[in-house]
Amino acid sequence: MLKLYNTLTRKKEVFVPIKKGTVTMYSCGPTVYNYAHIGNLRTYVFMDMLRRTLRYDGYKLKGVMNITDVGHLLSDADDGEDKMAKAAKEQQKTPREIADYYTAIFFRDLERLQIGKPEIIAKATDHIADMISYVQDLTEKGYGYETSDGIYFDIGKFDGYGKLSRLNLDEQIAGARVEVNAEKRHPADFALWKKAEKNHIMQWQSPWGMGYPGWHIECSAMSRKYLGVPFDIHTGGVDHIPVHHENEIAQSEAREGKQTVNVWMHGEFMLVDGGKMSKSLGNTYTIDNLIERGYSPLAFRYFCLNAHYRKKLNFTFEGMDAAQTAYDRLLYTLYKHKTASAPTDAALLEKYRTQFGDAIDDDLNLPLALGVLWTMSKETPSRDIFALALDFDRVLGLDLQSAHEEQADDEPVPEQVTRLADLRLTARKEKNWAESDRLRDEIAALGYSVADGKDGYTLKKL
């Protein structure tokens, strides 16, 4: 019996789809103006875990993920430039070139991480007419009003505003900064449609003149078009709760006159060395960065599976070293089962199958599920164990089929590489992480990767 944590109710609930046997699900996708960093990608690993678990439990999926290629301003509160337009200016390319380039890289990263694409990929710029129609409906119902710079949603007319984030709007008003837009009726009113200046490089004709959609309206319009209302599950990162998803609920329920999403699910933040990860702080890493340092993308996926999706996950390179070592050891351990011929007792297999199913059905407890796999892998080598591990991999997505024999490298490691690795081990013991990273890069430049363990390190040829 699958139980999922619903952000809206703040509790785990037995999941019952609207239509028996089929799950409708919308996932907030990327704004394709830059590379997705590993913190972003953790959210999509979570999305994939959910989709895989639903399939494992026998459900068919109708999933939608948007690609935001217009309308997401630098501030979620409708201030600043459009992120796509800003990137286009800086890189001297068209918004379409920017979007196509970063969209391709995003999907390449998903493939590297064994993250399956939802059934429908919806680009915002392909749905401008749907968004205009949506804004018109809200305006006709009295929820939208026009100012000199756009059409805004009047949150004062929607009684349920704040129910997802549980924010106290009166307190927000009291502590608000000087209002930038004096025409707004309430500081938290948000843009449904923005009027464009003549030189704005992304704009479309609308009943309110040339302009472009607000960020939040995109998800409401596209989810309604492909999934109808209500639909089963909406996913995203926790950063979307107080603004984007709160606004999405307001405009969707105002238009429809009823609840439009049954279950809201959110993945927690990834930290870096215990602190915030952000592009502005310069401490973000991409999958390419990890590959350059000698890690496999699936070692990063393994790293993510070791923490529950609703718990913050602290990224460190020491943690990645441990994940890479553990992942490699798992593949080698399963290889012993892959090449064995002895059978395993059916009751024992069923015990592990039940434990794994109970773990994933308890709000996607992947750390526990991974523990079940590890415990099972320590049984007497058996092809039956390997077959069950592959069954579990339908959820884990770790490419366990590639389980291989531990590679013995007959070629001696150059003395220079060993010397650098020894220096790096000393730097790590002294907690001189900057020097440790520098030495890792030197070792990589010489064609070797270094994986840290409890008793020292292991060097492998790249």
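**View 1. A nonpolar patch on the surface brings together M1, V14 and V16.** Welcome to the first close-up of this predicted model. Together the three residues of the patch offer about 330 Å² of accessible area. One of them, V14, sits in strand β2, which covers residues 11-14. Is V14 buried or exposed? With a relative accessibility of 41%, V14 counts as partly exposed, because that class lies between the under 20% of buried residues and the over 50% of exposed ones.

**View 2. Five strands make an open sheet with parallel pairing.** Reading across the sheet, you meet the strands in the order β5-β4-β3-β10-β11. At the edges stand β5 (120-123) and β11 (261-267); each has a single partner strand, so one side of each is left without a neighbour in the sheet. From one strand to the next, the twist averages 20°.

**View 3. Strands β3 and β10 run parallel within the sheet.** How many bridges join β3 to β10? There are three, linking β3 (residues 22-27) with β10 (residues 231-237). Here you can also find Y26, which stands opposite H234 in β10. As a general reminder, strands of a sheet pair through backbone hydrogen bonds, either parallel or antiparallel.

**View 4. Stepping back, the chain shows 15 helices and 15 strands.** Its radius of gyration is 25 Å, close to the 23 Å that the globule rule gives for 462 residues, so the chain is as compact as a globular protein of that length. Along the principal axes, its C-alpha atoms fill a box of roughly 70 × 55 × 40 Å. Of the 462 residues in the chain, 55% are buried.

Technical notes. Residues are numbered from 1 along each chain as its sequence is written. This is a predicted model: local features need pLDDT of at least 70, side-chain atom pairs count only at pLDDT 80 or more; totals for chains, interfaces and linings use all residues. Side-chain values use heavy atoms; hydrogens and water are left out. Patches are made of residues with over 30% relative accessible area and no salt bridge: like charges are joined within 9 Å, nonpolar side chains (Val, Leu, Ile, Met, Phe, Trp, Tyr) within 5 Å. Accessible areas come from the Shrake-Rupley method with a 1.4 Å probe; for residues, only the protein chains shown count as cover. A salt bridge is a side-chain nitrogen of Lys or Arg within 4 Å of a carboxyl oxygen of Asp or Glu. Helices (H or I, at least four residues) and strands (E, at least two) are DSSP runs, numbered from the N terminus. Buried means under 20% relative accessible area, exposed over 50%, partly exposed in between (1.4 Å probe, protein chains only). Two strands pair if DSSP finds at least two bridges between them. Axes are lines fitted to C-alpha atoms, for helices over the stretch in contact, and angles run from 0 to 180 degrees between N-to-C directions. The radius of gyration is taken over C-alpha atoms; the globule rule is 2.2 Å times the number of residues to the power 0.38.
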